[in-house]
Structures are given as structure tokens and as C-alpha cells.
Amino acid sequence: MSQQTGSNQDNQGADGGKQEETTPLNETQPPTQNRRSHHTLRFRILRVLYKCMDILTRRAIVLIFAILTNILVLVCVVSAQFGIVDTSLNLQGTDLELVRDMDTQFSQKKLPGMYGGVIFSLILGLVSLVFVVFGSKPPLQMSQNWMKAAFGFQVVGAVLYVIAVSVYLHFVIQVNSSDECKQRERIYSRNGYTWMNCDVSGADAAAALFGLITAILYTAGAVFTFQTDRRVSRFIQERDEEAKKQRNQ
């Protein structure tokens with residue numbers, strides 16, 4: 001009995017020693033669930049990085065800058081309209097009433113230009129954003145029809161922006177040469193406000209400048225898109241010819 005008891009104690013001591021040795025090993029091993037979550041998080045991060053790499057191509061960067069310049073055109077057109085009326089003028093009596101009347105008439109004459117500029121820049125900016133978002137794929141994974149649509153849009157956008165800038169400046173010069181603007185300028189000059197004249201304002205000039213920059217960006221984007229489409233078409237043609245040769249062999 002004493003020998004069995006001693007052997008049992010020895011066995012228990014041996015088992016206990018094994019447990020003490022294996023417990024730290026089990027604690028150091030990460031759980032399966034943690035490993036899976038770690039790999040999932042890593043996969044998502046890599047997927048986002050690859051997505052960003054697809055977006056930050058030459059074509060996409062040019063379109064992103066075109067979106068920004070469209071926004072600047074919109075801001076300048078709105079600023080040119082709301083900068084007509086200055087509420088900080090120190091005028092009284094008849095001059096104040098005349099200035100308010102002339103400002104209202106001049107503002108109403110410029111309203112079509114503001115509405116046209118806002119709608120035009122907003123539409124082209126939104127369409128550019130659509131091409132950036134849905135065109136953020138490697139060239140070989142994109143549809144060639146989508147590539148051709150992007151090329152056509154940028155060519156048309158560049159031409160339309162040049163025409164729109166010309167029409168906008170013609171409209172602004174025509175409004176500034178009206179009798180309302182001339183009479184408004186005389187009233188302001190008579191009260192010492194010589195800066196209020198019938199020249200093209202800085203906001204209108206800035207809108208035209210950003211419009212021309214947008215046209216240049218669309219032209220550059222069309223060139224990049226055309227080059228990418230040519231490379232993809234050449235690659236697909238060579239791949240099909242190689243596959244045909246292998247089948248014939």
C-alpha cells in the first residue's frame with residue numbers, strides 16, 4: 001500500500017510537472033479567432049491600399065484636379081454675383097436709394113450668368129466624380145467601352161469649357177457696358193468709391209481662369225486615357241494572337 005501510494009504521488013507529481021510545463025505554452029499561443037481577425041484586418045488594409053493605388057493613376061489624378069477646379073469656378077461665379085451689393089457704404093439720402101436701385105438692377109442682369117456657371121460647373125464636376133469613382137480599377141479590368149466613354153467625356157468637356165468661358169466673358173462685358181452699370185459707376189465715383197467700376201471684376205476673371213485650367217486638365221486627361229486604351233488594346237490583341245498560336249500547335 002505504501003508503495004502504491006508513493007507511486008501515485010510520483011505519478012501525480014509527474015502529471016503536475018507536465019501541466020506546469022504545458023500551461024505557459026498554451027498561454028503564449030494566440031487563439032484561432034484572434035489569428036483570423038488579424039488576417040482579416042490585414043486583408044482589408046491591403047485591399048484599401050490597392051484601391052487607393054488604382055485611384056491614384058495619372059488619369060484619376062487629372063480628373064480629381066478637374067473636380068477641384070470645377071468647384072473653384074462655381075465659387076468664383078457665386079462670389080462675383082454676391083459681391084455686387086456692398087452694405088458697408090456710407091451713403092445717405094437720394095444717393096443711397098439710387099445705389100440700391102442700381103445694384104438691384106445690375107444684380108438681376110448678371111443672374112443668368114451665375115445660374116449658367118453654377119449649373120455647368122456642377123454637372124461637369126459630378127460627371128468627373130463618377131468617372132473617378134467607377135473608373136478606379138486596373139486598366140485590364142476596366143471595360144474598353146468605359147475607357148472610350150471617359151475619353152469622349154474629357155474631350156467634350158475641354159471643348160465645352162473653352163466655349164463656356166468665351167460666352168461667360170462676353171456676357172459679363174455686355175452687362176458691364178449697359179446703362180445701369182455706367183450710371184451705377186458715376187454714383188459711386190461721385191461719392192469717392194472709385195473702385196466700383198464697370199471693368200471685369202476679379203471674381204469673374206478668376207472664374208474664367210479656372211475654367212481654362214479645367215479645359216487644360218480635361219485635355220491632359222483625354223491624352224492619358226487614349227494612351228492607356230491603346231496599350232490595353234495592344235495587350236489584348238497580342239494575348240489573343242498568342243493564345244491562337246498555342247491552340248494551333
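**A walk from cavity to core**

Let's begin inside the protein: its second largest cavity has a volume of about 30 Å³. The model you are looking at is a predicted one, and by the rule used here it holds two cavities of 30 Å³ or more. Which residues line the second largest cavity? They are V77, A80, Q81, K110, G113, M114, Y168 and D204. Sorted by class, this lining has four nonpolar, two polar and two charged residues. Helix 3 (58-82) and helix 4 (93-134) each supply at least two residues of the lining. Keep V77 and Y168 in mind, as we will meet them again shortly.

Now step back and take in the whole chain. How many helices and strands does the protein have? There are seven helices and zero strands, and read along the sequence the pattern is α-α-α-α-α-α-α. Of the 249 residues, 28% count as buried. Contacts also join parts of the chain that are far apart in sequence: among contacts with a separation of 6 or more, 86% are between residues 24 or more positions apart.

Before going on, it helps to ask how confident the predictor is. The mean pLDDT of the protein is 78, and 72% of the residues reach 70 or more. Where is confidence lowest, and where is it highest? The lowest mean, 45, belongs to helix 1 (residues 2-28), and the highest, 94, to helix 5 (residues 144-176). Over residues 1-29 the pLDDT is below 50, and this stretch makes zero contacts in the model beyond near neighbours in sequence. Please read that part of the picture with care.

Let's return to the interior. The largest nonpolar core has 24 residues, and V77, Y161, Y168 and Y218 are the ones that touch the most other members. The elements giving two or more residues to this core are helix 3, helix 4, helix 5 and helix 7. Helix 3 gives the most, with eight residues. Apart from this core lies another one, of six residues, including I187, Y188, Y193 and M196.

Y168 ties our two topics together, since this residue lines the second largest cavity and is also among the core members with the most partners. What does Y168 touch, leaving aside neighbours within four places in sequence? Its contacts are V77, A80, G113, D204 and A207.

Helix 7 (residues 202-248) is a good place to finish, starting with T214. Is T214 buried or exposed? Buried means under 20% relative accessible area, and T214 has 0%, so T214 is buried. Not counting residues up to four places away in sequence, T214 touches A66, T69, N70, V73 and Y161.

Further along helix 7 you will find S233. With a relative accessibility of 27%, S233 counts as partly exposed because this value falls between the cut-offs of 20% and 50%. S233 and L140 are 93 residues apart in sequence, yet their C-alpha atoms are 9.3 Å apart in space.

Finally, look at F65 in helix 3. F65 has a relative accessible area of 47%, so by those cut-offs F65 is partly exposed too. F65 and L217 are 152 residues apart in sequence, while the distance in space from C-alpha to C-alpha is 7.5 Å.

Technical notes: Residues numbered from 1 in each chain as written. Predicted model: local features only at pLDDT ≥ 70, side-chain atom pairs only at ≥ 80, totals over all residues. Heavy atoms only, no water. pLDDT = per-residue confidence, 0-100. Helix = DSSP H or I, 4+ residues; strand = E, 2+ residues; numbered from the N terminus. Contact = heavy atoms within 4.5 Å. 1 Å grid on protein atoms, 1.4 Å probe; cavity = no way out; pocket = protein on both sides within 12 Å on 5 of 7 lines; lining within 4 Å. Points joined across faces, edges and corners; volume = space filled by probe spheres on them. Nonpolar A, V, L, I, M, F, W, Y, C, P; charged D, E, K, R; others polar. Buried < 20%, exposed > 50% of the residue type's maximum accessible area, 1.4 Å probe, protein only. Core = buried A, V, L, I, M, F, W, Y, C linked by side-chain atoms within 4.5 Å.
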